[in-house]
Amino acid sequence: EYFHGRNRWVEYSDDAYLDYDASQIPAEWHGWMHYTTDIPPTVKPPVKYKWMCDEHRVNFTGTHLQYVPYSTTREKIQKWDKRLPQITASEK
């Protein structure tokens, strides 16, 4: 009856133009797009839990808004600083 992968698609808004990304699809639509359910979230809204985000956010990787983690541990290798005197093997 259905041709899988041919009858469900996304029409991105004109604002996205060629800068569209799969992360722009909200999570509640993911199940319908991938045939997990045949009922779209417009007919049966998903259950909302306290721990869930209030709004959908796209993936900001590659932009100035991307998440950049930082380390709280010391570096294992120190960078060479030419201003500091170098200790040779004979001085040790």
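**Second largest pocket**

I began with the second largest pocket of this predicted model. Its lining consists of Asp19, Asp21, Ser23, Gln24, Val58, Asn59, Phe60, Thr61 and Thr63. I sorted these residues by class and got five polar, two charged and two nonpolar. For the volume of the second largest pocket I noted about 180 Å³.

**Largest pocket**

Next I turned to the largest pocket, where the space comes to about 270 Å³. Which residues line the largest pocket? I wrote down Pro26, Ala27 and Glu28, then Pro46, Val47 and Lys48, and finally Met52, Cys53, Asp54, Glu55 and His56. By class, I have six nonpolar residues in this lining, along with four charged and one polar. A reminder to myself on the approach: rolling a probe the size of a water molecule over the atoms shows where empty space is left.

**Tyrosine 20 and the surface patch**

I then looked for nonpolar side chains on the surface and found a patch made by Tyr17, Leu18 and Tyr20. Together the three have about 410 Å² of accessible area. I placed tyrosine 20 in the segment before helix H1, which spans 27-33. Is tyrosine 20 exposed, partly exposed or buried? I have it down as partly exposed, because its relative accessibility is 45%, and partly exposed covers what lies between the 20% and 50% cut-offs.

**Tyrosine 35**

On the other side of H1, in the segment after it, I stopped at tyrosine 35. What caught my eye was the backbone: phi of this tyrosine is near 60°, a positive value in a residue that is not glycine. I flagged it because most residues other than glycine have a negative phi. I also checked the accessibility of tyrosine 35, and at a relative accessible area of 28% it is partly exposed.

**Salt bridge**

My last search was for charged pairs, since side chains of opposite charge can pair when their charged atoms come close. How many salt bridges does the whole structure hold? I found one. Its partners are arginine 83 and aspartate 81, whose side chains meet at 3.1 Å, N to O. That sits within the 4 Å cut-off, so I counted the pair as a salt bridge.

I looked up the accessibility of both partners too. Arginine 83 counts as exposed because its relative accessibility is 70%, and the cut-off for exposed is over 50%. Aspartate 81, with a relative accessible area of 25%, I entered as partly exposed.

Note on methods:
Residues are numbered from 1 along each chain as its sequence is written. This is a predicted model: local features need pLDDT of at least 70, side-chain atom pairs count only at pLDDT 80 or more; totals for chains, interfaces and linings use all residues. Side-chain values use heavy atoms; hydrogens and water are left out. Patches are made of residues with over 30% relative accessible area and no salt bridge: like charges are joined within 9 Å, nonpolar side chains (Val, Leu, Ile, Met, Phe, Trp, Tyr) within 5 Å. Accessible areas come from the Shrake-Rupley method with a 1.4 Å probe; for residues, only the protein chains shown count as cover. Helices (H or I, at least four residues) and strands (E, at least two) are DSSP runs, numbered from the N terminus. Buried means under 20% relative accessible area, exposed over 50%, partly exposed in between (1.4 Å probe, protein chains only). On a 1 Å grid over the protein atoms alone, a cavity is a set of points where a 1.4 Å probe fits but cannot get out, and a pocket is an open set with protein on both sides within 12 Å along at least five of seven lines; lining residues have an atom within 4 Å of a point. Grid points are joined across faces, edges and corners, and a volume is the space filled by probe spheres set on the points. Ala, Val, Leu, Ile, Met, Phe, Trp, Tyr, Cys and Pro count as nonpolar, Asp, Glu, Lys and Arg as charged, and the others, Gly among them, as polar.
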